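Here are my notes on the model you sent over, set out as numbered points. I hope they are handy while you have the structure open.

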Amino acid sequence: MAIKQELEKKDKQTCLHDKHVALGATMVSFGGFDMPLLYQYAGIAPEHTAVREKVGLFDVSHMGEVTVRGKEAERYVQHIFTNDVAGAPVGKIFYGMMCYEDGGTVDDLLVYKMGDNDFFLVINAANIDKDWAWMQQQAQGFDIDLQNRSDFYGQIAIQGPESEDVMERVLAIPCKELKFYTFKTLPHLIPADAPARPSGTLCSQRASSLSSYDIIVSRTGYTGEDGFEVYGSHDFIRDCWDKLIAAGVQACGLGCRDTLRFEVGLPLYGDELSAEISPIMAGLSMFVKLDKEEFVGKEALAKQKAEGVARKLVGIELHDKAIPRHGYTVLNKEGQPIGEVTTGYHTLSTDKSVCMALIDSQYAALGTEVDIQIRKKVFPGTVIKKKFYDKHYKL
């Protein structure tokens with residue numbers, strides 16, 4: 001997980017920053033934001049376990065939001081997005097990628113179908129500026145209104161088997177009717193005289209700057225458990241956070257967010273996806289709809305799909321409790337380098353040392369024996385499926 005330990009002055013603060021500090025969170029720099037890594041001196045295990053067994057609360061206000069509207073909005077989204085949103089019903093969410101012409105990944109993202117020719121795109125925090133510049137470039141020639149709304153939305157994620165109960169009981173937000181990868185909007189108006197948050201934080205943006213869909217409630221998640229996301233004005237999100245913490249919901253940081261997503265094989269941009277790692281290489285071809293008429297990168301991805309790729313993302317289980325970290329070298333049994341680890345942990349849910357690694361395709365078959373160089377020692381491992389823990393979504 002690419003977390004920079006030295007806090008830079010340019011780091012932004014989410015609208016919940018003071019809440020994290022008040023809870024005694026360990027703060028780190030991530031994606032240009034000062035974010036909570038964990039809240040427990042005992043480590044991330046209590047937060048990880050809370051999500052797997054009960055419910056946890058995450059601040060994800062650092063994520064970016066972009067709106068696409070206008071008579072050619074759907075055609076534009078189809079042009080930049082690998083998945084197929086054509087004719088989708090309002091309320092549907094799609095996961096997919098934006099790609100460069102050579103098939104490399106600009107970013108992975110969620111696309112919300114808000115209405116006819118009205119879309120809401122959720123992008124990774126570290127990529128907001130890069131994505132926005134690329135989206136603007138791609139928008140040339142399209143009759144659309146493209147807006148970067150990243151500074152105007154706060155977002156929390158409520159994750160775990162008890163998340164539905166907590167949403168309804170604590171936040172009074174009915175959500176039983178939501179299916180996996182669907183959403184709904186709720187009206188929420190902030191009085192015009194509501195005080196702005198302190199300057200220097202994202203909270204200083206006025207709530208009145210939000211769009212007509214002030215509150216969005218979705219059922220997706222990045223943990224492998226049932227869960228919800230709530231987007232809204234900074235004041236609304238702060239109020240939701242306070243209610244959830246007062247009700248005893250465990251606050252969770254970036255540390256367990258990474259261990260949770262890793263265990264169920266979900267990618268992190270910068271590790272399992274990048275400008276050099278295409279969706280095909282990452283094993284995400286199910287989100288690349290090559291039968292679409294066109295999208296940026298289609299030709300290159302179609303060639304990769306047809307001819308194969310030089311490297312593939314795989315799972316590896318070590319025969320030892322050593323922990324394979326990002327960047328460690330993977331070797332064949334002759335001691336030759338064949339790739340490197342993208343993410344690795346000794347998993348909290350299964351008590352195994354496993355990793356995801358990008359390796360030469362000829363070694364990617366399940367059951368292949370490999371080695372991983374960890375400092376000055378070599379540890380044997382076996383290629384396995386890159387989902388190390390079963391998902392528990394409510395479909």
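The points below go through salt bridges, a charged patch, some polar contacts, backbone angles and two C-alpha distances.

1. A word on the source before anything else: this is a predicted model. Please read every distance, angle and accessibility below as a value computed from that predicted model.

2. Let us begin with charge pairing. Side chains of opposite charge can pair when their charged atoms come close. Searching the whole structure turns up 19 salt bridges. I pick out a few of them here, including the pair Glu 164 and Lys 394, the pair Arg 219 and Asp 226, and the pair Asp 271 and Arg 261.

3. Which parts of the chain does the pair Glu 164 and Lys 394 tie together? The two side chains meet in a salt bridge with an N to O distance of 3.0 Å. Glu 164 sits in helix α5, residues 163–169, while Lys 394 belongs to the segment after β19 (377–384), so this pair ties together parts that are 230 residues apart in sequence. The partners also have their own accessibility classes: Glu 164 is buried, at a relative accessible area of 12%, whereas Lys 394 counts as partly exposed at 39%.

4. Next come Arg 219 and Asp 226, whose side chains form a salt bridge at 2.8 Å, N to O. Arg 219 has a relative accessible area of 1% and is buried. Asp 226, at 8%, is buried too. If you display this pair, please add the previous one to the view: Glu 164, Arg 219, Asp 226 and Lys 394 are linked in a network of salt bridges.

5. The third pair deserves a look at its distance. In the salt bridge between Asp 271 and Arg 261, the closest N and O atoms are 3.9 Å apart. Asp 271 is in the loop between α7 and α8, and Arg 261 is in helix α7, with their positions 10 residues apart in the sequence. Both Asp 271 and Arg 261 are buried. Since a salt bridge here requires the nitrogen and the carboxyl oxygen to be within 4 Å, the 3.9 Å of this pair still qualifies.

6. Where does negative charge gather on the surface? Glu 101, Asp 102, Glu 276 and Glu 299 form a negative surface patch. Of these, Glu 299 is placed in helix α8, residues 298–307. Its relative accessibility is 72%, so Glu 299 counts as exposed.

7. Ser 278 is a residue of the loop between α7 (254–263) and α8. Is Ser 278 buried or exposed? With a relative accessible area of 1%, Ser 278 is buried. Its side chain reaches the backbone nitrogen of Met 281 at 3.1 Å.

8. Another serine to check is Ser 218, in strand β11, residues 215–218. Ser 218 has 0% relative accessibility and therefore counts as buried. Which side chains does it contact? One polar contact, at 2.9 Å, is with the side chain of Tyr 112. Another, at 2.6 Å, joins the side chains of Ser 218 and Glu 229.

9. On the backbone, two residues caught my eye. Ala 172 has a positive phi of about 55 degrees although it is not a glycine. Tyr 181, also a residue other than glycine, has a positive phi near 60 degrees. Ala 172 is found in the loop between α5 and β10 (183–186), and Tyr 181 lies in the loop between α5 and β10 as well. Their surroundings can be told apart by accessibility: Ala 172 is exposed at 60%, while Tyr 181 counts as buried at 17%.

10. Lastly, here are two C-alpha distances to try in your viewer. Asn 124, in the loop between β7 (118–123) and α4 (128–138), counts as buried at 17% relative accessibility. The C-alpha atoms of Asn 124 and Leu 110 are separated by 9.6 Å, and the two residues are 14 residues apart along the chain. Leu 57, in strand β3, residues 56–59, counts as buried at 0%. Between the C-alpha atoms of Leu 57 and Val 370 the separation is 38 Å, with the residues 313 apart along the chain.

Key:
Residues are numbered from 1 along each chain as its sequence is written. This is a predicted model: local features need pLDDT of at least 70, side-chain atom pairs count only at pLDDT 80 or more; totals for chains, interfaces and linings use all residues. Side-chain values use heavy atoms; hydrogens and water are left out. Patches are made of residues with over 30% relative accessible area and no salt bridge: like charges are joined within 9 Å, nonpolar side chains (Val, Leu, Ile, Met, Phe, Trp, Tyr) within 5 Å. Accessible areas come from the Shrake-Rupley method with a 1.4 Å probe; for residues, only the protein chains shown count as cover. Lys and Arg count as positive and Asp and Glu as negative; His and the chain ends are not counted. The place of a charge is taken as NZ of Lys, CZ of Arg, CG of Asp or CD of Glu. Helices (H or I, at least four residues) and strands (E, at least two) are DSSP runs, numbered from the N terminus. Buried means under 20% relative accessible area, exposed over 50%, partly exposed in between (1.4 Å probe, protein chains only). A polar contact is a pair of N or O atoms within 3.5 Å; within protein, one must be able to donate a hydrogen and the other to accept it, and residues adjacent in sequence count only if both atoms are side-chain atoms.
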